[in-house]
Amino acid sequence: MIKLEEDEKIILEERKHWFILLAETFFLVLLAILPFALFVFHWSKVPINLSLILILISIWLLFLWIAFFVIWTDYYLDVFILTNKRIVKTEQNGFFNREASTLSLDKIQDVTMDVRGIIMTFLNIGNISIQTASESPEFIIKGLGNPEKIKEMIMNEYGKYKKT
């Protein structure tokens, strides 16, 4: 969790939309079903004994489970936090690589919402780009649910911050 200043409070804490996790793990589910399908349709043609087949399938499923755990950890630890003073984006890349970016609300110049594709439109998933005047001119948060509402919340907090 982030360290808050004395008069700072969290307005919004968001993760990527659940569909992003589903899309990333869909291929793993197909790979998990594959050995069972091959075994059922070709069991009479397999010259190896059943014990060896079960061991190989177990090892295969173990590797797929590890891959799922890596994807889920990345999904769960990627978080976007809006406070009344700043925006914090934390991205997990693998198990031991975390990148946290902070943007003060007074550095915001423009906030843009981007929803692309038919599935993303129906599920209301999009990206938010925040233009700044700093060295890295764009602060991008990808895969958020209800990006229009989040954009409005950012702009509201920006307006309140500018008044103080």
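This text walks through a surface patch, a strand residue and two loop residues. The model is predicted.

Start on the outside. A nonpolar patch of about 1100 Å² lies on the surface. Its makers include Ile55, Ile59, Leu62, Phe63 and Ile66. Phe69, Val70, Trp72 and Tyr76 also belong to the patch, as do Phe95 and Phe96.

Take one of these residues, Val70. Val70 sits in helix H2, which covers residues 50-77. Its relative accessible area is 32%. Patch residues need over 30% relative accessible area. Val70 counts as partly exposed because its value falls between the 20% limit for buried and the 50% limit for exposed.

Now move to Thr90. This residue is part of strand E3, residues 86-92. Is Thr90 buried or exposed? Thr90 has 12% relative accessibility, so it counts as buried. Which residues does it touch, leaving aside neighbours within four places in sequence? Thr90 is in contact with Leu77, Asp78 and Val79, and also with Arg98, Glu99 and Ala100.

Next come two loop residues. Most residues other than glycine have a negative phi. Asn124 is not a glycine, yet its phi is positive, about 60°. Asn124 lies in the loop between helix H3 (118-123) and strand E6 (125-132). With 32% relative accessibility, Asn124 is partly exposed.

Asn146 also has a positive phi without being a glycine. Here the angle is about 55°. The loop that holds Asn146 runs between strand E7 (138-145) and helix H4 (147-163). Asn146 is partly exposed, at 31% relative accessibility.

Conventions: Residues are numbered from 1 along each chain as its sequence is written. This is a predicted model: local features need pLDDT of at least 70, side-chain atom pairs count only at pLDDT 80 or more; totals for chains, interfaces and linings use all residues. Side-chain values use heavy atoms; hydrogens and water are left out. Patches are made of residues with over 30% relative accessible area and no salt bridge: like charges are joined within 9 Å, nonpolar side chains (Val, Leu, Ile, Met, Phe, Trp, Tyr) within 5 Å. Accessible areas come from the Shrake-Rupley method with a 1.4 Å probe; for residues, only the protein chains shown count as cover. A salt bridge is a side-chain nitrogen of Lys or Arg within 4 Å of a carboxyl oxygen of Asp or Glu. Helices (H or I, at least four residues) and strands (E, at least two) are DSSP runs, numbered from the N terminus. Buried means under 20% relative accessible area, exposed over 50%, partly exposed in between (1.4 Å probe, protein chains only). Contact means heavy atoms within 4.5 Å.
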